[in-house]
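Visitor: Could you take me on a close look at the cysteines in this one? I'd like to hear how they sit, and then what lies around them.

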Amino acid sequence: MKKHFRTIAKTALILVYLVIIAGAVVRMTGSGMGCPDWPKCFGYYIPPTHASELEFKPNHNYKKGIVIIRNEALLVAEKDFLSSESINLNNWETYTKHDYAKYNPIHTWVEYINRLCGALSGIPILIFTIISFGYWRKNKWITILSILTVFGMAFQAWLGKTVVDSNLAPYKITIHMVMALVIVAFILYLIYASKTTFKKQISDSKFRNILLFAILLTLIQTVLGTQVRQHVDEQVKAIGYIKELWLQNPTLQFYIHRTFSFLVFFTNAWLYIRNKRLNLGYNKMNLVIICIVFEVISGIAMYYFDFPFLSQPLHLVIATILFGIQFYVYLENRHKSIFISKNI
């Protein structure tokens with residue numbers, strides 16, 4: 001089974017990125033509260049498709065945990081029961097974790113698909129964690145990080161619950177995003193550590209140190225980006241979908257985010273040039289530059305062309321892909337450094 005470890009880990013990585021994409025679509029469409037409870041959706045494993053399903057029904061068998069909307073509030077069935085002709089409030093308790101009690105079928109199903117992707121991504125992670133015990137003697141870190149990835153996914157699921165319970169608290173959304181990148185880093189390490197053949201590449205300490213700085217910049221930019229996105233969400237709630245007004249009065253985070261983009265560009269450009277000039281062999285630096293170019297284009301589009309369709313999720317997803325590529329290049333350079341030092 002060890003021979004399938006990398007393939008399964010790559011599958012998990014793709015699915016984690018699908019979760020990130022789904023999460024970006026959730027934010028773009030404002031669907032974060034499409035399912036107001038967790039892990040079910042309005043108390044169902046498969047969410048309702050029409051608002052009438054969330055209305056009180058006489059002579060209906062209700063299961064414990066089923067949610068209805070009544071007087072702009074969520075009511076949760078306390079037990080299994082058969083309803084009478086009129087509602088008996090003794091069978092229901094008011095949902096108190098938040099006061100969001102709206103139903104939008106599009107928002108509900110967008111959020112549900114996001115959760116479904118998250119659950120699906122956990123399957124290959126569980127599988128490669130079981131297989132990872134075969135690496136214990138050869139490389140204990142593969143087993144340890146596999147286990148940490150499982151716990152990371154569990155923690156991420158719990159974070160998702162707290163995000164919903166808090167009615168999308170900004171700082172919790174940010175932590176949720178950062179944790180997704182931590183999981184990406186874990187899986188990338190596992191993919192690289194389980195390799196059996198390696199490309200001809202040269203270790204360069206200055207390149208590696210500046211690359212670490214570039215990765216840190218990407219993380220900072222991602223965090224700042226989630227804060228800017230939160231400001232946009234607040235503008236949507238306040239003025240509606242008048243896109244040209246969303247960044248009319250931007251926050252300080254926006255200006256820092258925009259200024260940092262120049263630092264990100266020039267830092268990675270330096271890495272690209274040094275890689276080419278010294279012929280270090282890190283070909284993925286080409287992908288890094290491509291990602292940054294698209295990041296700049298999508299950022300300009302959002303600010304100057306009033307948030308074209310899909311520009312926001314693309315901006316976020318490309319940033320996470322950029323982080324992944326940078327981290328993998330760092331692993332390549334670090335491996336060469338260790339290999340050279342051992343031979344010396």
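Guide: Let's start with Cys-35, which has 0% relative accessibility and so counts as buried, since the cut-off is under 20%. Bear in mind that this is a predicted model. Cys-41 is buried too, with a relative accessible area of 1%. These two cysteines form a disulfide, with their sulfur atoms 2.0 Å apart. Look along the S-S bond and you get -85°, which makes the link of Cys-35 and Cys-41 left-handed. A search of the whole structure turns up one disulfide.

So what about the other cysteines? Cys-117 is in no disulfide: the nearest cysteine sulfur belongs to Cys-35 and is 13 Å away. With a relative accessible area of 21%, Cys-117 is partly exposed, because buried would need a value under 20%. Cys-291, at 10% relative accessibility, counts as buried.

Now for the surroundings. The largest nonpolar core has 51 residues, and Phe-128, Ile-187 and Phe-207 have the most contacts inside it. Eight helices each supply at least two residues of this core, among them H1 (5–29), H2 (105–132) and H5 (205–239). H4 gives the most, with 13 residues. If you want one residue to click on, try Phe-128: setting aside its neighbours within four places in sequence, its contacts include Phe-5, Ile-8, Ala-9 and Ala-12, as well as Ser-146, Thr-149, Ile-187 and Leu-190.

And here the disulfide comes back in. Both Cys-35 and Cys-41 belong to a second, separate core of 11 residues, which also includes Tyr-95 and Tyr-112.

There's a bit of sheet to look at as well. Three strands form an open sheet in the order E2-E3-E5, with antiparallel pairing. Strands E2 (67–70) and E5 (92–94) are the edges, and each pairs on one side only. On average, neighbouring strands of this sheet are turned by 35° against each other, direction ignored. Strands of a sheet pair through backbone hydrogen bonds, either parallel or antiparallel. Here, three bridges join E3 (residues 73–77) to E5, and the two run antiparallel. For a concrete pair, pick Leu-75, whose bridge partner in E5 is Thr-94.

Key: Residues numbered from 1 in each chain as written. Predicted model: local features only at pLDDT ≥ 70, side-chain atom pairs only at ≥ 80, totals over all residues. Heavy atoms only, no water. Disulfide = S-S within 2.5 Å. Buried < 20%, exposed > 50% of the residue type's maximum accessible area, 1.4 Å probe, protein only. Core = buried A, V, L, I, M, F, W, Y, C linked by side-chain atoms within 4.5 Å. Helix = DSSP H or I, 4+ residues; strand = E, 2+ residues; numbered from the N terminus. Contact = heavy atoms within 4.5 Å. Pairing = 2+ DSSP bridges. Axes fitted to C-alpha atoms, helices over the stretch in contact; angles between N-to-C directions.
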